[in-house]
Amino acid sequence: MTMHDALRYSRQIRFPPVGPEGQARLAAGRVAVLGCGAVGGAAAMPLARAGVGLLRLIDRDLPEASNLPRQICFAEADVAEGLPKAVAAGRHLQRINSALVVEPHVVDLTAANALDLLDGVDVIVDGTDNLEARYLLNEVACRLGIPWVHGGAVGSEGRVLTVIPGQTACLRCLVPEPPAVGVLPTCDTAGIIGPAAMVVGGVQAAEVIKVLLGQVEATAGRMLAFDLWAGQWRSVDLAPLAATGCPTCRGQDFPWLEGRLGGGTTPLCGREAVQVMAASGGSIDLAGLAERLAGVAEVSVNRWMLRARVEPGIELSVFADGRAIVAGTRDEARGRAIVARYL
Ligand SMILES: [Zn+2]
């Protein structure tokens, strides 16, 4: 370790479970953060500050003003600039720590890309906003044998669960069947306060550091659940669930990864927008599309995405991986119609 790093990280090196050896392990650590919004961003920032070597930032969306009360990787200028969240968050985190290697991926996690996208890291942070993505993440982690840290926040409540495949209960052990659509509260229906997401992200970051240091005994096998408004904190022992396991963590059944479950349209939590697949499985020539749309709309394009104000109140964002987000409506049929009209 350089003198500069010994000084920079001196306080956390002094914390006995870290020490100089632990700091070196953090520097070699590779972490995927799936979703760079409220929870994912709040987990990524302390990891960048702690000196983790690599962050693979995966997000399908772009920042908007209603994200700012809780998404700590973004500022007003990011909303105005309109870069994808993964890129904007990566740039912000590298300003905090120039030694950090950032891998931004502007994509939607799907059964087709999940194994490639999440392979080769030491631990995965769940910063997603829907259960469908979490089941898929759980299956990828169990199949690849990569620890992952589940986190979720809504209202003033949050929960964190660290899954060590082969050792602890997994998400499917805890929730064997996905609940019906509309049953669970979401940020859209129940609202959310920023501190709930920031606590979840902070706890997740601590769990990631434990995993990277090989010290998971402290909380593995327990789920933390809290309500900041009621001032309640609970730690639930999941050891009885781990004793039997489930078909996924026993390595027998991966229905989401194999496409037998899921694959429908996914809502964009907290946004007046719908996502539509514009080109299935293929990439889109953004520069060519920009030329075609130039006559009918105000268009801006960069290497990741194209934005076009196609109709009053409607903004179309098209990503290189074949997705389109139609902002300004929640009507899926209208979203599909707009995509069909302009693409
Ligand atoms: Zn399981």
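A residue is called buried here if 20 or more other C-beta atoms lie within 10 Å of its own. Keep that in mind as you look through these close-ups, which all come from a predicted model.

**View 1. Helix H8 and the elements around it.** Helix H8 covers residues 131-144. Its buried residues are Ala133, Arg134, Tyr135, Leu136, Leu137, Asn138, Glu139, Val140, Ala141 and Cys142. Because 10 of its 14 residues are buried, H8 is largely enclosed by the rest of the structure. What does the covering of those buried residues include? Among the elements are strands S1 (30-34), S4 (123-126), S5 (148-154) and S6 (157-163), along with helices H7 (114-118) and H9 (171-174). You can also check the length of H8 for yourself: at 1.5 Å a residue the helix should span 20 Å, and its end C-alpha atoms are indeed 20 Å apart. Just after H8 comes glycine 145, with a positive phi near 70 degrees.

**View 2. Helix H4, a mostly covered helix.** H4 runs over residues 38-50, and 11 of its 13 residues are buried. The buried ones include Val39, Gly40, Gly41, Met45 and Leu47, together with several alanines such as Ala42, Ala43 and Ala44. From first C-alpha to last, H4 reaches 19 Å, close to the 18 Å expected at 1.5 Å a residue. Glycine 51 follows H4 and has a positive phi, near 95 degrees.

**View 3. Strands S10, S11 and S12, joined by hairpins.** Start with S10 (residues 298-301), which runs antiparallel to S11 (residues 305-311) and is joined to it by four bridges. One pair to find is glutamate 298 and its bridge partner in S11, arginine 309. The hairpin from S10 to S11 passes through three residues. On to the next pair: six bridges join S11 to S12 (residues 314-319), again in an antiparallel arrangement. Here methionine 305 stands opposite phenylalanine 319 of S12. Two residues lie between S11 and S12 in their hairpin, and glycine 313 in this turn has a positive phi of about 80 degrees.

**View 4. Alanine 169 in its loop.** This residue sits in the loop between S6 and H9. Is alanine 169 buried or exposed? It counts as buried, because it has 25 C-beta neighbours inside 10 Å. Setting aside neighbours within four places in sequence, alanine 169 is in contact with Leu174, Leu238, Leu241 and Ala242. For a sense of scale, look across to valine 200: it is 31 residues from alanine 169 along the chain, and their C-alpha atoms are separated by 19 Å.

Note on methods:
Residues are numbered from 1 along each chain as its sequence is written. This is a predicted model: local features need pLDDT of at least 70, side-chain atom pairs count only at pLDDT 80 or more; totals for chains, interfaces and linings use all residues. Two strands pair if DSSP finds at least two bridges between them. The expected span of a helix is 1.5 Å times one less than its number of residues. A residue is buried if 20 or more other C-beta atoms lie within 10 Å of its own, exposed if 12 or fewer, and partly exposed in between; C-beta atoms are placed from the backbone. Two residues are in contact if their C-beta atoms, placed from the backbone, lie within 7 Å.
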